[in-house]
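Reader: I am new to this structure and would like some help in reading it. Could you take me through it step by step?

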Amino acid sequence: MSSLEIIILLPLLAALAVGLGAPARATSLTAALVNLVWVIALAVKYQPGEMGELAYVHKRIILENPALALGVGADGVSLIMALLTVVVTVAAIWQTVDKPAMYYVASLLISAGALGAFLSTDLFFIYAFHELALIPTFLMIALHGRAEKEKRLAVAWKTTIYLGAGSLVLLAGLAWLVLEYSQAGKMEFDLTALRAMAQNSPISADKQAWIYLVLLIGFGTLVSLFPFHSWAAPAYATAPTPVAMLHAGVLKKFGLYGLLRIALPLLPQGALTPWIMKLLLAALLGNILVIGLVTINQKRLDDMLANSSVMHMGYIFLGLAAGTEIALKGSVLLMFGHGISIALLFALCGRMRNQLGTLEMDRLGGLGSHAPLLMLVFGFGAFASIGLPGLANFAGEIMVFLGSFANGNEWTTFHVAQGLTPLHWTVVAALWGVVISAVYMLRAFRKIFQGSANSGLFMSDPSSSQSVPLVGMAAVLLVVGCAPSLLLSLMNGPLAVVAAAVAR
Amino acid sequence: MIVAALSAGPSFPLVPNVLLLLPLMVALVVLIGSRLTRKADGFFQLLSVGSAAVCFIASCILLGVSREQAPVDMFPFLVIDEGKTLNIWIAAILDRQSAGMMFIVTLIGLLVQVFSLAYMKDDDAKPRYFGALSLFMFSMTGIVLAENLVMMFIFWELVGLSSYLLIGHWFQKPAAADASKKAFITNRIGDFGFMIGILLLFGANHGNVSFIDLQESVSEGTLKVLAQTQPWFMTAAVLCLFMGAVGKSAQLPLHVWLPDAMEGPTPVSALIHAATMVAAGVYMMVRISFLVATTHTAAMWIAGVGGVTALMAALMATQQNDIKRILAYSTLSQLGYMVMAVGLVAMGGHGHGEVAEGHPAMFHLYTHAFFKALLFLGSGAVIYACHHEQDIWKMGGLSQHMKGTTVTFAIGTAALMGVPWITSGFYSKEGILIVAWNECKVLFTIGAVTAALTAFYMTRLFVVAFLGKPRSDNAKHAMDVGFLMMLPLLVLAALSLVSGFPMVADGLKAMMPKGHHAGGTAVLAISLVALIVGVGLGWVLYKGKDKDPLKISLFANKFYIDEIYAVLVKVFQDGLAWVVTGLERLVADGIVARLPTMLATWVGARARALQGGHLQSYTLLLGAGLLLAIYLIVFVLPGAAGVGH
């Protein structure tokens with residue numbers, strides 16, 4: 001077996017073992033830690049190829065025609081996503097204590113599904129692994145959600161229907177794509193092969209546009225692209241803590257990853273079609289400005305974090321829309337940074353819900369006096385979301401902005417005489433979101449941690465063992481934020497190819 | 001010997017590296033270390049002060065560098081394709097401007113840390129305080145050494161963070177917590193424009209935003225062509241960048257955060273909110289003065305904003321009663337002078353470099369840093385001696401028991417008023433007024449009126465707080481401060497006197513404007529009249545008074561700007577957020593989700609009928625979905641594809 005296959009299989013086996021009665025926490029944590037070390041080792045060893053070739057490739061043929069194969073392989077982008085997955089998995093499992101075994105099983109399954117989706121090279125399995133990860137998400141919201149039974153069932157249904165519908169649209173789009181590229185009755189699912197076809201014999205621009213639109217809606221729903229976002233906020237606010245961490249932090253990035261990995265390289269002209277570009281820009285501004293204002297209006301910490309997570313997707317979409325090398329790499333960095341920071345914030349939020357019994361921000365206050373460590377790590381998460389330099393998100397955000405003004409394609413290249421393009425105007429408007437983020441994050445920080453405490457609502461710092469995942473995630477934000485080249489150097493080859501495809 | 005070896009040899013890059021990295025290391029050690037052990041507070045304080053001393057020595061070495069150095073690359077921050085695609089470095093620019101500014105920052109930083117040893121000795125969270133001070137020194141050094149616009153933006157934001165941490169040092173106090181939040185968010189509004197400006201130049205100059213290359217491009221390249229063919233573009237870019245300076249240097253209309261920032265510990269107010277950080281906006285504008293000089297429109301706006309800020313802040317200062325707030329408004333007013341000078345110099349068509357290495361804004365920044373830090377630390381000594389009393393009307397007669405503080409405060413006051421020939425403030429203010437006289441008589445008038453107002457409110461402050469009889473027990477029993485607090489006052493008092501003399505200013509790379517300008521005599525006469533009128537009025541009105549004989553509520557309430565903003569935030573932010581939330585629910589849930597919800601209810605009913613339990617129905621539904629997908633792809637699609645061909 002290849003290393004990547006083992007990485008995907010390990011959490012599955014651990015989940016099975018826990019299901020069969022193995023000690024839940026020890027088993028899951030061991031599996032997650034082994035995966036963490038292993039993925040880091042693979043990332044360290046990885047040498048990016050000039051043309052975006054995949055490393056660690058392995059393929060098991062399942063069917064000749066349609067050419068279905070369980071293929072795995074990784075480049076810088078998928079390694080970064082895998083790193084994100086394993087880091088958040090360790091943190092999510094570590095911070096779960098005194099919970100039924102199902103919590104661990106669900107976390108492991110989501111992790112395995114996400115890893116499978118990020119490391120597969122075959123369209124069919126990319127899709128199937130993602131579906132695998134969704135099922136425990138729904139179940140956990142329905143069974144262990146943090147709300148009255150009525151409400152959590154309603155939320156679970158809403159999430160299921162939305163994501164189910166999104167997945168179906170996505171499936172239709174992928175099927176259409178595969179059909180368009182199939183030659184002489186031979187169906188091709190392998191991404192590398194499809195990419196070669198897209199370069200040698202691209203399909204017509206008109207068709208590319210329509211398929212791209214379908215994929216954008218499908219993937220977009222999974223990433224809570226405006227206006228298909230309304231499942232996300234209640235789902236995250238209701239989901240049990242490890243599920244919220246894993247879904248908001250990791251699994252949601254699948255849609256963005258898919259656009260980057262499948263839609264952009266295979267349908268470059270579709271992505272640059274003016275009316276599609278304008279639709280996407282309007283939608284992502286909806287994420288940033290509309291949901292940004294909605295976030296300001298939230299009264300509970302969990303609702304606020306959930307909405308902020310929807311809002312920040314807008315910036316990643318902005319990078320994908322710009323499509324230059326700088327912007328695309330910025331998007332990937334931002335996916336990583338956002339994943340860690342939102343997982344950290346949801347972990348803290350879950351802790352506070354357990355100890356305080358309420359997340360109404362107006363009722364809280366002065367927690368910082370008794371829980372300085374909690375205040376510190378919350379500060380890391382909050383300031384990372386705000387985009388403070390030195391923490392991971394900033395590097396991604398500024399690359400998205402700079403990339404939108406860099407020479408690349410007709411939307412980004414800046415000709416002073418012609419004024420700003422719609423993309424540039426979108427960046428200007430999106431920058432106002434940076435102010436909005438500061439408003440709601442600092443307001444929450446002020447209300448929860450500063451000032452004087454309300455009677456009866458105190459909480460203490462976590463024990464040193466329980467601090468490990470929190471401090472660990474804060475440290476990752478700091479290290480990547482100070483030296484983004486650690487991750488950037490992994491992406492030396494692959495995205496340049498995508499950007500070139502988009503620019504042509 | 002050491003100076004020569006360090007500045008000449010290949011080891012020279014050591015200096016900027018020490019300046020930048022040492023404070024960062026110390027900040028990390030102090031902040032992390034103090035969490036691990038609660039017993040080493042004294043060690044952490046000494047570490048912090050010691051590193052400040054080392055940085056001061058390093059910046060003195062920098063002063064010894066006579067010729068311009070090529071920028072020193074320190075760390076690749078965002079580099080793609082070995083710089084061909086994206087090339088953002090953390091690198092240090094070493095010239096007159098950065099060397100002079102480094103000296104100011106490290107010297108005042110060191111003095112403030114020494115002062116804090118005594119001032120903060122009863123504080124519970126000393127390591128957090130000293131750690132944040134070191135973090136500030138790191139960030140400010142980054143701004144000063146910044147070699148490109150993106151690097152400047154990075155440290156610009158970090159300075160905002162350290163200011164947030166230090167204003168909110170006593171975060172249990174609601175006023176301090178609110179003030180820190182207000183400061184950060186107001187600065188963010190300025191940074192919104194700053195970032196747009198950076199992006200415009202990044203796009204126009206093909207991804208190159210280093211100051212040296214931008215300057216080349218302005219004198220012989222893309223930007224030169226642009227300035228001629230598309231003048232609106234340079235105006236827009238410069239005004240956007242200026243917006244950042246408006247936030248950081250607290251110019252109208254984003255000035256509201258600075259007076260509130262006085263909730264922080266007083267030494268912090270001296271270092272950050274008077275001498276160094278708030279001057280960063282001016283520093284940045286002087287750095288890009290070659291850009292400002294390409295656009296007369298933007299230069300006029302900048303000069304105008306500076307002038308209006310100088311005047312209005314001075315008016316507000318005349319009616320404040322809190323000693324720190326009076327000084328805060330005077331800081332606003334003086335920063336207004338500097339910003340006005342930036343605009344005026346550019347209106348004259350000079351980029352920095354053409355005016356013989358001098359710039360009146362930088363020169364005033366330099367003298368102001370010393371005397372304003374002196375005044376703030378002096379007010380800190382007063383506040384400390386009066387058991388945290390800040391109302392000047394509850395002081396009085398302090399000169400009887402606080403001789404040292406009174407004398408040094410008097411020197412600072414004289415320098416701020418610009419007492420001729422013996423104080424540094426006189427020389428730098430003359431520099432600005434002379435440019436104003438030559439470029440724009442309206443702004444000159446504003447400058448002269450502001451000078452008179454400055455003399456007036458500082459006389460009021462000094463007479464009420466230090467002379468007359470004590471008006472409270474705290475003031476009666478005030479004792480002069482100890483050696484640790486007196487030492488910084490003495491050093492700063494000396495510098496407030498001598499730093500304007502050409503010899504000293506040259507040695508410290510102060511960028512004193514050189515050369516003969518028309519109108520020197522007239523300007524001197526008018527500023528003397530302004531000084532005499534201001535001091536005289538203040539003396540006559542306030543000598544021996546127990547309460548304020550003047551009541552001008554418009555000034556006392558700061559033109560009601562804070563109140564207006566509170567309403568604007570309520571309506572345009574919170575109100576809009578409320579409306580948008582309602583609409584979003586209506587659209588997203590009402591229309592987009594209507595069909596899926598109906599479908600959900602329908603499926604839900606079927607599923608219940610089938611199974612009765614929900615868990616099973618979910619699993620079944622999803623399992624069936626997956627199977628269906630596999631079936632479609634494996635068996636149906638090939639057929640469809642075959643039909644297609």
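Author: Happily; we will go through chain B, one of its helices, and then two contact surfaces. Keep in mind that this is a predicted model.

Reader: Let us begin with chain B. How many helices and strands are there in chain B?

Author: Chain B has 28 helices and two strands. It is 645 residues long, and 57% of them count as buried.

Reader: What share of the contacts in chain B with a separation of 6 or more comes from residues 24 or more positions apart?

Author: Such residues account for 80% of those contacts.

Reader: Now a single helix, please. Which residues of helix H8 of chain B are buried?

Author: First the general idea: an α-helix has 3.6 residues a turn, so residues three or four places apart point the same way. In H8 of chain B, which covers residues 211-220, the buried ones are Phe211(B), Leu214(B), Gln215(B), Ser217(B) and Val218(B). Looking down the axis of H8(B), you find these buried residues within an arc of 160 degrees, so they line one face of the helix.

Reader: What do the buried residues of H8(B) pack against?

Author: They pack against four helices of chain B: H7 (174-204), H9 (222-229), H13 (280-287) and H14 (289-292).

Reader: Next, the two chains together. How many residues does each of chain B and chain A bring to the contact?

Author: Chain B brings 68 residues and chain A brings 73. On the chain B side, at least two residues each come from strand E1 (72-80) and from helices H6 (149-167), H7, H26 (561-592), H27 (594-611) and H28 (614-644). H28(B) gives the most, with 16 residues. Sorted by class, this side of chain B has 46 nonpolar, 16 polar and six charged residues.

Reader: Can we read chain A in a similar way? Into which domains is chain A divided?

Author: Chain A is divided into domain 1, residues 1-270, and domain 2, residues 272-504. Their C-alpha centres lie 21 Å apart. Where they touch, 49 residues of domain 1 of chain A are in contact with 51 residues of domain 2 of chain A.

Reader: Which helix gives the most to the side of domain 1 of chain A that touches domain 2 of chain A?

Author: That is H3(A), with ten residues. Helices that each supply at least two residues to this side include H3 (76-94), H8 (205-222) and H11 (253-266) of chain A. By class, this side of domain 1 of chain A has 35 nonpolar, ten polar and four charged residues.

How values were computed. Residues numbered from 1 in each chain as written. Chains lettered and ligands numbered in written order. Predicted model: local features only at pLDDT ≥ 70, side-chain atom pairs only at ≥ 80, totals over all residues. Buried ≥ 20, exposed ≤ 12 C-beta atoms within 10 Å, placed from the backbone. Contact = placed C-beta atoms within 7 Å. Domains from an automatic or database assignment. Nonpolar A, V, L, I, M, F, W, Y, C, P; charged D, E, K, R; others polar. Arc of directions from axis to C-beta.
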